[in-house]
Amino acid sequence: MTIIGSGSAMPMHGRHPSAQVVHYGDFCCLIDCGEGTQERLKPAGIRPFKINTILISHLHGDHVFGLPGLLSSFAHLKRTSPLTVYGPSGLKGFLDAVMGYAEIRISFSLTVKEITPTQPIRIFLHKNLEVVTFPLYHRIACNGYLIREVNTIVKLRKDLHQEYQLTPIQHQMLSQGMDIELNGKSIPADAFTREPMKLISYAYCSDTRYDMRLLSAIKGVTILYHETTFMNEMAEMAEHTGHTTAGEAGLMASAAEASCLITGHYSSRYKEVKGLLEEAEINFRPVLEAVEGKKYNLRSLANGLY
């Protein structure tokens, strides 16, 4: 996962509006698309045409104003591969209006799917990856997203693979947990495999009040990204504006029994975010800063490698 933008509302202090990219095999997903996102993809090592899915949390500008520009650039560059955009009700109308007035002509198959969930809902399954959307508790309709593995990945022992000179078909069978036959004998799959890897899940909770109803979707998640817009002293402001304090984000990560908390959506009032991290750490550890341009290996984080 790569952080593209970690700020809220306005670009300031070297931080930009919300955006991040999740990679998993041939799945490349952009989550939120704040103003200027397209300018920061390549410097972060992201090949824009690899993006095949976009998840939009809500229609506040710091999460969606970069989307029309990105789509326009895709058209100018003659993109041909299809793209699907998910988001809450109103997203299609927003894009239709902007692209209509700006005369943006799309050169590729663009599908916009509107979902405003009242409970966790699977929106699609891609090979071994499931994507679920769930309600957040902001001032307007706002979607959270959960991306998680469905089946455990089995890793083969390379030494035995080479020793027995396994064929591609045998390799595939073992990867799927199937026994194989060698020299007329049936060999169990577990003789060639290491311990199954831990299932990884990643929850994206952008703009939301602190609300334990989120646990219906994120309980047991391995990596939790949760907004930490304000410090604890601004709890009243957080409640009024539909946001979460750093301490509350720590409480949520603890209640969710997450392996790791990544903070973000920092208010422009804070030049440094160290205080936000420290307040979250009072209630939960480990807590990580969302650093723009940084790549986070979610499997490593889930296994305590920070």
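**Exercise 1. Is P135 buried or exposed, and where does P135 lie?**

Solution. The model is predicted: local features need pLDDT of at least 70, side-chain atom pairs count only at pLDDT 80 or more, and totals for chains, interfaces and linings use all residues. Residues are numbered from 1 along each chain as its sequence is written, and side-chain values use heavy atoms, with hydrogens and water left out.

Step 1. P135 has a relative accessible area of 13% and is buried. Buried means under 20% relative accessible area, exposed over 50%, and partly exposed in between (1.4 Å probe, protein chains only).

Step 2. P135 lies in strand β8. Helices (H or I, at least four residues) and strands (E, at least two) are DSSP runs, numbered from the N terminus.

Step 3. Not counting residues up to four places away in sequence, P135 touches P117, T118, Q119, P120, C142 and L214; contact means heavy atoms within 4.5 Å.

Step 4. P135 and C205 are 70 residues apart in sequence, with 9.3 Å between their C-alpha atoms.

**Exercise 2. Place β8 in its sheet and find the edge strands.**

Solution. Step 1. The sheet is open and has 7 strands, in the order β7-β8-β9-β12-β13-β14-β15, with mixed pairing. Two strands pair if DSSP finds at least two bridges between them.

Step 2. β7 (121-126) and β15 (287-288) stand at the edges with a single partner strand each, so one side of each has no neighbour in the sheet.

Step 3. β7 and β8 (residues 129-135) run antiparallel and are joined by 5 bridges. H126 stands opposite L129 in β8.

Step 4. Helix α9 (residues 246-256) packs on this sheet, touching β13 (223-227) and β14 (260-264), and its direction makes about 155° with that of β13. Axes are lines fitted to C-alpha atoms, for helices over the stretch in contact, and angles run from 0 to 180 degrees between N-to-C directions.

**Exercise 3. Describe the cover of α9 and its part in the largest nonpolar core.**

Solution. Step 1. In α9, 9 of 11 residues are buried, including M252 and A253.

Step 2. The buried residues of α9 pack against α7 (215-218), β13, β14 and α10 (274-281).

Step 3. The largest nonpolar core has 61 residues, and those with the most contacts inside it are L55, Y202, I218, L224 and I262. α9 gives the most to this core, with 6 residues. A nonpolar core is a set of buried Ala, Val, Leu, Ile, Met, Phe, Trp, Tyr and Cys residues joined through side-chain atoms within 4.5 Å.

Step 4. Apart from this core lies another, of 24 residues, among them I54, F74, V85 and M99.

**Exercise 4. Set out the sheet that begins with β1, and the helices on it.**

Solution. Step 1. An open sheet of 6 strands has the order β1-β2-β3-β4-β5-β6, with mixed pairing. Its edge strands, β1 (2-5) and β6 (110-114), each pair on one side only.

Step 2. The twist from one strand to the next averages 20°.

Step 3. β3 (residues 27-31) and β4 (residues 53-55) run parallel, joined by 3 bridges. The bridge partner of L30 in β4 is I54.

Step 4. Helix α3 (residues 67-76) lies across β3, β4, β5 (83-87) and β6, at about 170° to β5. Helix α4 (residues 91-101) touches β5 and β6, and its direction makes about 140° with that of β6.
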